[in-house]
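Open your viewer, load the model and keep the selection box handy. We will go from stop to stop, picking a few residues at a time and saying what is there.

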Amino acid sequence: MQSFDVVVVGAGAAGMMCAIEAGNRGRSVLVIDHAKAAGEKIRISGGGRCNFTNLGASTNNFISANPRFARGPLRRYRPRDFIDLVDRYGIAWHEKTLGQLFCDDSAKDIIAMLLAEMKAARVQLRLDTAVAKVTRTATGFELALPGGVVSCASLVVATGGKSIPKMGATGWGYEIAAQFGLPMVETRPALVPLTFEVGALERLKPLAGVAVDAVVACGKTRFAEAMLFTHRGLSGPAILQISSYWREGQEITVAMAPGVDLMAAMKLAKTTRGRQAVATVLADHLPKRLAQMIAEDEGALGNIADLPDKVLTRVDAAVNHWTVKPVGSEGYRTAEVTLGGVDTQALDPATLQALAVPGLYFIGEVVDVTGWLGGYNFQWAWSSGWCAGQAA
Ligand code: FDA
């Protein structure tokens, strides 16, 4: 039987970071992944350029049943620490917007960097390998692998969430948590497009592909980012962000010309350009197709000068107080992350070790810590992986 100090299951962002740190401490480390390549989600992230961190990452940007849990890991391994690593490898990067850092070139540079660090730390990597069974022993754990049994003192679960099963996402980490009696926070798809019922879709179909800068709100939470009409409903960063807060049955409110006093603009247009159509006036602030549809829907046709203010009030509401009730989301098929997961109450925030099961660690997305869109999820993977790597 082969024996290691640490076995990490999952060669994603969190697992690789943990393995590097444990290896650098002189621990013998094996990383196992059932995929054919390491870091597959890194490869496709950020449109192929990996939004690898966010300069402003703090607990405010995360959702968890225990929002303070992430504070320790995020302070011990900060965005600056990961930037330093990226800089050491000469990987060029830029800030796109809102503190979001992307590779100039390719997300593959980040994977190559992590693999090089793993090699330098003498970490063994076994791809295309599934774990049939995990057993607890007097000295740690035994894992049944296709090539035989492997034992370890520390077992790190870094198998991520359920998002995008096509890419190898499984519920394995949650099953291990259940096997060892750890509590779970219910999981659901997050950072995911929202969908409409057939009737609404039929009406909005002509808008598919139209994008606006919007403020999207659900309850007291709001995000100001781009929004996109799709063939299924709504997408774009503002919608992905709000999807993490939205629940079935709730409405979302959308301002599609935020910050514009449309009522004032339309009243002024009545006197200065009264022979123009409302759609033309709206098109100063909205894409033409959208402006046209709103004017038609609200019966705001003909010259703007001829329309009573009550019609213009309706137009204003349709643009900046559009209230809509999505029927659902596109689900794990397209969700970028999974909300919920292993309950942080059961984990030590300093090490990510299960309080009731010494030697068992959970890191990254499998834990009930979910970031906003914008590099926060990778930062959580690096921070939690780094902390476990100091202890495992
Ligand atoms: P991750 O999912 O990365 O890794 C888990 C690993 O475990 C995988 O390699 C998987 O094959 C393996 N595994 C699963 N089950 C297994 C089993 N039973 N046996 C063995 N191995 C198993 N975030 C961000 O901050 N910036 C961004 O730009 C993006 N972009 C983005 C785009 C898209 C399309 C998606 C789907 C997601 C993002 N994300 C993101 C989110 C980010 O990718 C995600 O939060 C991290 O990859 C989570 O890292 P983990 O290491 O926890 O899991």
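Select Glu95 and you will find Leu101 of β6 standing opposite. The two strands here, β5 and β6 (residues 100–103), pair in the antiparallel sense over 3 bridges. Two strands count as paired if DSSP finds at least two bridges between them. The strands themselves are DSSP runs of E with at least two residues, and helices are runs of H or I with at least four residues, both numbered from the N terminus.

A word on what you are looking at: this is a predicted model, in which local features need pLDDT of at least 70 and side-chain atom pairs count only at pLDDT 80 or more, while totals for chains, interfaces and linings use all residues. Residues are numbered from 1 along each chain as its sequence is written, and side-chain values use heavy atoms, with hydrogens and water left out.

Now widen the selection to the whole sheet. It is open, with 3 strands in the order β3-β6-β5 and antiparallel pairing. At its edges are β3 (51–54) and β5 (93–95), each pairing on one side only. On average, neighbouring strands of this sheet are turned by 25° against each other, direction ignored; axes are lines fitted to C-alpha atoms, for helices over the stretch in contact, and angles run from 0 to 180 degrees between N-to-C directions.

Next, pick Cys50, in the loop between α2 (40–44) and β3. Cys50 is not a glycine, yet has a positive phi of about 50°. Is Cys50 buried or exposed? Cys50 counts as buried, at 0% relative accessibility. The cut-offs are under 20% relative accessible area for buried, over 50% for exposed and partly exposed in between, with a 1.4 Å probe and protein chains only.

For a second positive phi, go to Arg122, in the loop between α5 (108–120) and β7 (124–126). Its phi is about 55°, although Arg122 is not a glycine. Arg122 is exposed, with a relative accessible area of 63%.

Move on to Lys162, in the loop between β10 (148–157) and α6 (172–179). Lys162 is partly exposed, with a relative accessible area of 29%. Which residues does Lys162 touch, not counting those up to four places away in sequence? They are Ala169, Tyr174, Thr187, Tyr332 and Thr338, where a contact means heavy atoms within 4.5 Å. Try a distance label between the C-alpha atoms of Lys162 and Tyr174: they are separated by 9.7 Å, and the two residues are 12 apart along the chain.

Tyr174 leads you into helix α6, whose buried residues are Trp172, Gly173, Tyr174, Ile176 and Ala177. Show these together with β1 (2–9), β8 (133–136), β10, β11, β19 and β20 (360–362), the strands they pack against. Just after α6, Gly181 takes a positive phi of about 75°.

From that set, keep β19 (residues 337–342), a mostly covered strand with 6 of its 6 residues buried. Strand β11 (residues 184–190) pairs with β19 in the antiparallel sense over 5 bridges. To see one of the partners, pick Leu339 in β19 and Arg188. As you turn the view, remember that side chains in a regular strand alternate between the two faces of the sheet.

The next stop is an open sheet of 7 strands in the order β17-β16-β13-β14-β15-β12-β18, with antiparallel pairing. Its edges are β17 (322–324) and β18 (328–329); each has a single partner strand, so one side of each is left without a neighbour in the sheet. Inside this sheet, select strand β14 (residues 221–229) and strand β15 (residues 233–235), which run antiparallel and are joined by 2 bridges. Here Phe229 stands opposite Leu234 in β15. Then add helix α12 (residues 309–320), which lies across β16 (252–255) and β17 and runs at about 110° to β16.

Finally, zoom out. The protein has 13 helices and 21 strands, and its C-alpha trace spans about 85 × 40 × 35 Å along its principal axes. Of its 392 residues, 54% count as buried. Among contacts with a separation of 6 or more, 72% join residues 24 or more positions apart.
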